[in-house]
Structure formats: structure tokens, C-alpha cells
Amino acid sequence: MANGSEVVHGYPHLDTVRAAITALYRRLPQEGLYAYAGSVAPADVAFADGDDLHLGAQRVAHALVQQLRLPDARMIVSFREMTHAASVELAAGPEYFIELNDRFRTHRRDIGAALAHEITHVLLHRLGLSFPGTRDNEILTDTVTTYLGAGWLLLDAYREDGVSSQKLGYLTPEEFGYVLAKRALAFGEDPSPWFTSPQGYTAYTEGRTVALRDGRQPPLTAAGWAGRHRYAKDRRYAQDHPGAVTGLPYAFEGGGHEAALRVSFPCPTCHQRIRIPVRGRVRARCGLCRTVLECDT
Ligand SMILES: [Zn+2]
Ligand SMILES: [Zn+2]
């Protein structure tokens, strides 16, 4: 895990984040994800500066091992001087060695955030789930940490005041907020009360706006007037120009005189592409996450 440097904002990794959510649904289908319906509780990962360093780190690591459903894994946490914030040795287990940067000795409340990311590396290693390249693999790790209920800690570790800023992980604060909101929508959870960082909370509300927008894209019936108007125009064009590419989240296939027109679009929950015939009101069920979608095609 990288150490906080200049804090980047916005959504530069959004495509990879969405691909990570889809990959997670493919690897842990519905039943598997139900096990993660609750997030790790703030009290279970709380770490005051007065707590014993090593006992506290072991306790928080244990809570995160439980959260991430790694019952037989044992994390051995140590501290040393290093350039990174934290690292984990991905071995066969059941013991895994996690090293945390010495600075956490005096920033104990962020130990949970660092451990959440590293322990998710262990989970992904065991699931055999990875993305090629360090950057994408780290984005996968942050996304999965958050989607499985331990990543709100990473967003809450983001703080800024007049003189300094701190952020952990590879996603921007808004991207963490986005994934957290996607999770909240999927599991019916409200993470708002857990934030201690005002900046983390603000980033959550911003990410949530983008997450809600995913559910209001045409051909979903929840799309707004402007979106529906544009969709109708694009559909007419596709009808007359088979094979035309729109470049929008939705795309038409077929058309012309021979073939029936079909539309494909990303599922607002898992981002797997859904393909349905264009024939007015259609109720579709995502084949991957099983979400029922009301569409007006
Ligand atoms: Zn990492
Ligand atoms: Zn889906």
C-alpha cells in the first residue's frame, strides 16, 4: 500500500473500479456475497493511542479477518521503517506476515484502514482473483475491500486540515465514496454514521451521487427526461444505420430491415452488460447479480 502523497480527486480509475465490481460478482456470486451483507463495526476496529500497540493491532487484524471471511488465517503484524504504508507477504498461509510503517505507532486510529487493505490482498490471493499490472491490481484490492465492508475505514482515514493531508489506498476519496455507495445500495446499508473524518464523509456523498446516477441511465425507466429524449433519438438513428456506434453507456445492435434491434447497457449494480430486445417496456433480470431492472427500451 502506498503512502499518502498529493491527494488526487475525481474519478480517474472509474472504469477499472467498475471492472473490479464485475470481477468480484463473477468470483463470489450472490450467495457468496450475502456473507458480506454487514460491514465491520466501528467498535471492532477502534484503536485509541492509549491502547497497547501490538495487542491492539492483533485485535483489529482479527476483526478484519472475521469480516473478510478468512476464518483459518492468522495475521502476524509488525512495524518497521519503510517507504510504503504497509505490505503483506502472500504465502500459502495459514500465517501471513503484515508489516506496517513505523508512523502507525503514533497514528493508531488508521491501523484498521491499512490492515483492511492488506488482509484483502490475502483474500484475493486465496480467491485467485487478480488484475494484470500493479496499478489495476491495487485498484481491485481497494474496490473489493470497500465492497466487502471493510473499506469505509480507508475513506475515513482521509483527512485534510490547513497544514497537512493524509490519504491511504489507491482510489481517490470520491472513488472510495462511489464504491461504498454501490455497496450501500446493494446491501441496504447506511455508512454515514461511521465517519469521523468530515472530508471522508463529503467524498462519500459525492461518490454516492455518481453511484445513484448509474441507476438513472436509459434504457432504465428511472432515467430523466433529457436522457430518455437522447435515447429515443439514438434509437431512431440506430434503426436506420445498423452497426452505428453511439459511444454512450448503452449501445444498439441489429436494426435495419432484417434484424430486430437490441440494446445493451451496463447493469447498475454489477456493471455486467445486459442485452435485451428493443420493444417498449421490458423487465429484465441481470444474469450475474440477479437485480431486476425496469426498462423502457
Ligand atoms: Zn496493496
Ligand atoms: Zn448485475
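Donors are N, O and S atoms within 2.8 Å of the metal, and water is not among the atoms, so a site may look incomplete. In this predicted model, the protein donors of the zinc ion (ligand 1) are H117 and H121, each through NE2, and E138, which is listed twice through OE. These atoms lie 2.1 to 2.7 Å from the ion.

The spacing of the donors along the chain is H-x3-H-x16-E. The two histidines belong to helix α5 (residues 111–127), and because H117 and H121 are four residues apart there, about one helical turn separates them. Both H117 and H121 are buried.

What is the geometry at the zinc ion (ligand 1)? For four tetrahedral donors the ideal angle is 109.5 degrees. To count as tetrahedral, four donors need all angles between 85 and 135 degrees. The four donor atoms around the zinc ion (ligand 1) subtend angles of 52 to 139 degrees, and the arrangement is therefore irregular.

Further along the chain are paired strands. Strand β6 (residues 251–255) pairs with strand β7 (residues 259–266) in the antiparallel sense, over four bridges. In this pairing A251 stands opposite S264 of β7.

Strand β7 also pairs with strand β8 (residues 273–277), again in the antiparallel sense, here over five bridges. Across these two strands, V263 faces I276 in β8. The hairpin of β7 and β8 has six residues between the strands, and H271 in this hairpin takes a positive phi near 70 degrees.

Methods:
Residues are numbered from 1 along each chain as its sequence is written. Chains are lettered from A and ligands numbered from 1 in the order in which they are written. This is a predicted model: local features need pLDDT of at least 70, side-chain atom pairs count only at pLDDT 80 or more; totals for chains, interfaces and linings use all residues. Side-chain values use heavy atoms; hydrogens and water are left out. Donors are N, O and S atoms within 2.8 Å of the metal (3.2 Å for Na, K and Ca); water is not among the atoms, so sites may look incomplete. Four donors count as tetrahedral if all angles lie between 85 and 135 degrees; four count as square planar and six as octahedral if opposite donors are over 155 degrees apart and all others between 65 and 115; anything else is irregular. Buried means under 20% relative accessible area, exposed over 50%, partly exposed in between (1.4 Å probe, protein chains only). Two strands pair if DSSP finds at least two bridges between them.
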